[in-house]
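The following paragraphs go through one structure step by step. Please keep the sequence and the coordinates at hand while reading.

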Amino acid sequence: MTQQADTPARVPHHSLSAEQFAALARGGGGQDAIGQLVAGQRSKHLILLSKVAELARRGDHPDDALGVAGYQLLGQVQRRAPAVAAEVIGYPSVGAWALHVIRSSQARTESAPTDTASAVSAALPGVRPSGLAAVAAAAAIRAGLDAEIEVPVLGRGVLLPSLGTAEAVGGTAVVAAKEAEVRSGNLRMRVRPGEPGWRELRRASAGSLAVLVDDLDPFRMPAPGGEPAERLTPSQVAEFRASLLAAWPMLSPASAAEIAAIVRVIVPYEAPESGQVSTSSPQVFGTVAMSRPPDRYTCAETLVHETQHLKLYALLDLVALTRPDDGQRYYVPWRPDPRPASGLLQGAYAFLGVSGFWREQRQAAPEPEVRRRAHAEFARWRDGVAAVAATLLRSGQLTGSGETFVETMAGVLDEWLREPVPVGARAAARRKSERHLLQWQANHGQVDSR
């Protein structure tokens, strides 16, 4: 198909070598494999935006022309400042927003079944193709392009993905990209920290990690599991920065490199009554949502855990590892509910990374009490992941690639199971595992041992 002028470039093909696939299955991946996963997700966003542009050209909404103009401007930015365009196109919430627009369109189609996801998409504000104009405006501002574009106003503001929100009135506003200005009625707001009417996304960094703390975008974390916090105070942002700075030295160089290459956004969650909550979602690759962690080791463990999920989400967009759900549900030692095989794989891969983190801390942690904790955590999760890997391999729910992937995981765990752990730590790990199993059985019955 001939590409239209002033539209984003075609999507490249992505694949993994056998060596890269095996490296990911062992729990790591390395920079080449991670680079392929990140590039694949950026292409996924290009595909989603292309579909949204098709919807805009249909003209089902009065403001769809804004989306058409936005897609054309995005193409201009991509040719003149491709790195900037890639940053904005790949911004995690952009993909989530585009997916919601597509689902909303499906929900309105009489011949299409309306599922829960489509119904939720249709009910969210700003789920219209005109939002492409705001995506393009953000890219044009960052590129310093000499262009103006009309963008939709949501409520009392204009959302510019990866940048922030500007106060606005009426149905639309105009963004002057070169001046980095949002014009709405008599209002003129500069896209600059501290300017009246402008709320920017704050930055945080630690070592090689550079992230945005997103407490504004309505599509910043669509996954359940916690409640996104409202706008943080400067002191609360400082607390998150301090947590990341304290946690970063606890990571191995390999883990730190992978996290820095993948994680672009931290979404603050409201703290639960006790402990900490964190989550991630395939809709927002590159985002980790978390409440403020209680200590630096928990923060580091959370980054490892959620990055493992993000790696597997991206891999599953390239390679099918599980078969269609057959309805069977299984026990896992880290969840209170029975899980399908796909959920087993997600949890096993995440806790393979967690096991590796605590394995390192048995020697690396300077505090004796943390080393004791590390021994117990390592013993508990390596045993749990090994058991779940065995369940997956006999489930009949893995594809050929999935069997290879889990067999490689199991090979790593076989080596770790031979590593000695102090008797007290093993006993503590066993007690926790037994309590979890007994509670699960009380709620759900006996574990299926097939």
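In which loop does Ala-180 lie? Ala-180 lies in the loop between β4 (172–176) and β5 (181–184), where helices (H or I, at least four residues) and strands (E, at least two) are DSSP runs numbered from the N terminus. The model is a predicted one, in which local features need pLDDT of at least 70 and side-chain atom pairs count only at pLDDT 80 or more, while totals for chains, interfaces and linings use all residues. Residues are numbered from 1 along each chain as its sequence is written, and side-chain values use heavy atoms, with hydrogens and water left out.

The phi angle of Ala-180 is near 50°, a positive value in a residue other than glycine. Most residues other than glycine have a negative phi. Ala-180 counts as buried because its relative accessibility is 15%, the term buried meaning under 20% relative accessible area, with exposed over 50% and partly exposed in between (1.4 Å probe, protein chains only). Ala-177 also has its place in the loop between β4 and β5, and with a relative accessible area of 3% this residue is buried. Leaving aside neighbours within four places in sequence, Ala-177 is in contact (heavy atoms within 4.5 Å) with Ala-140, Ile-141, Leu-145 and Ala-147. One of these partners, Leu-145, is 32 residues away from Ala-177 along the chain, and the two C-alpha atoms are separated by 5.9 Å.

Another positive phi, of about 80°, belongs to Ser-162, which is not a glycine. Ser-162 is placed in the loop between β2 and β3, and because its relative accessibility is 4%, it counts as buried. The strands on either side of that loop, β2 (157–160) and β3 (164–167), each supply at least two residues of the lining of the second largest pocket. To define the terms on a 1 Å grid over the protein atoms alone, a pocket is an open set of points with protein on both sides within 12 Å along at least five of seven lines, a cavity is a set of points where a 1.4 Å probe fits but cannot get out, and lining residues have an atom within 4 Å of a point. The second largest pocket has a volume of about 610 Å³, a volume being the space filled by probe spheres set on the grid points, which are joined across faces, edges and corners. The pocket is lined by 32 residues, and those closest to its centre are Leu-216, Asp-217, Pro-218, Phe-219 and Arg-220. By class, 17 of the lining residues are nonpolar, 6 polar and 9 charged, with Ala, Val, Leu, Ile, Met, Phe, Trp, Tyr, Cys and Pro counted as nonpolar, Asp, Glu, Lys and Arg as charged, and the others, Gly among them, as polar.

A search of the whole structure for enclosed space finds 1 cavity of 30 Å³ or more, and the largest cavity has a volume of about 50 Å³. Its lining includes Leu-55, Arg-58, Asp-60, His-61 and Asp-64. Two elements, α2 (30–58) and α5 (92–108), give two or more residues to this lining, and α5 gives the most, with 4 residues. The lining of this cavity divides into 4 nonpolar, 3 polar and 4 charged residues.

From here the path leads to the loop between β11 (278–279) and β12 (287–290), where Ser-281 is found. Ser-281 is buried, with a relative accessible area of 4%, and its side chain reaches the backbone nitrogen of Gln-283 at 3.1 Å. Beyond four places in sequence, the contacts of Ser-281 are Met-221, Pro-222, Ala-223, Leu-310 and Tyr-313. Met-221 is also among the contacts of Ala-289, together with Val-267, Tyr-269, Val-277, Ser-278 and Thr-279, again without neighbours within four places in sequence. Ala-289 lies in strand β12 and counts as buried at 0% relative accessibility.

What remains is the nonpolar interior. The largest nonpolar core (a set of buried Ala, Val, Leu, Ile, Met, Phe, Trp, Tyr and Cys residues joined through side-chain atoms within 4.5 Å) has 75 residues, and Leu-244, Val-263, Ile-266, Leu-315 and Phe-405 have the most contacts inside it. Helix α12 (residues 368–395) contributes the largest share of this core, 11 residues. Apart from it lies another core, of 61 residues, among them Leu-49, Ala-96, Val-175 and Val-182.

Terms used: A polar contact is a pair of N or O atoms within 3.5 Å; within protein, one must be able to donate a hydrogen and the other to accept it, and residues adjacent in sequence count only if both atoms are side-chain atoms.
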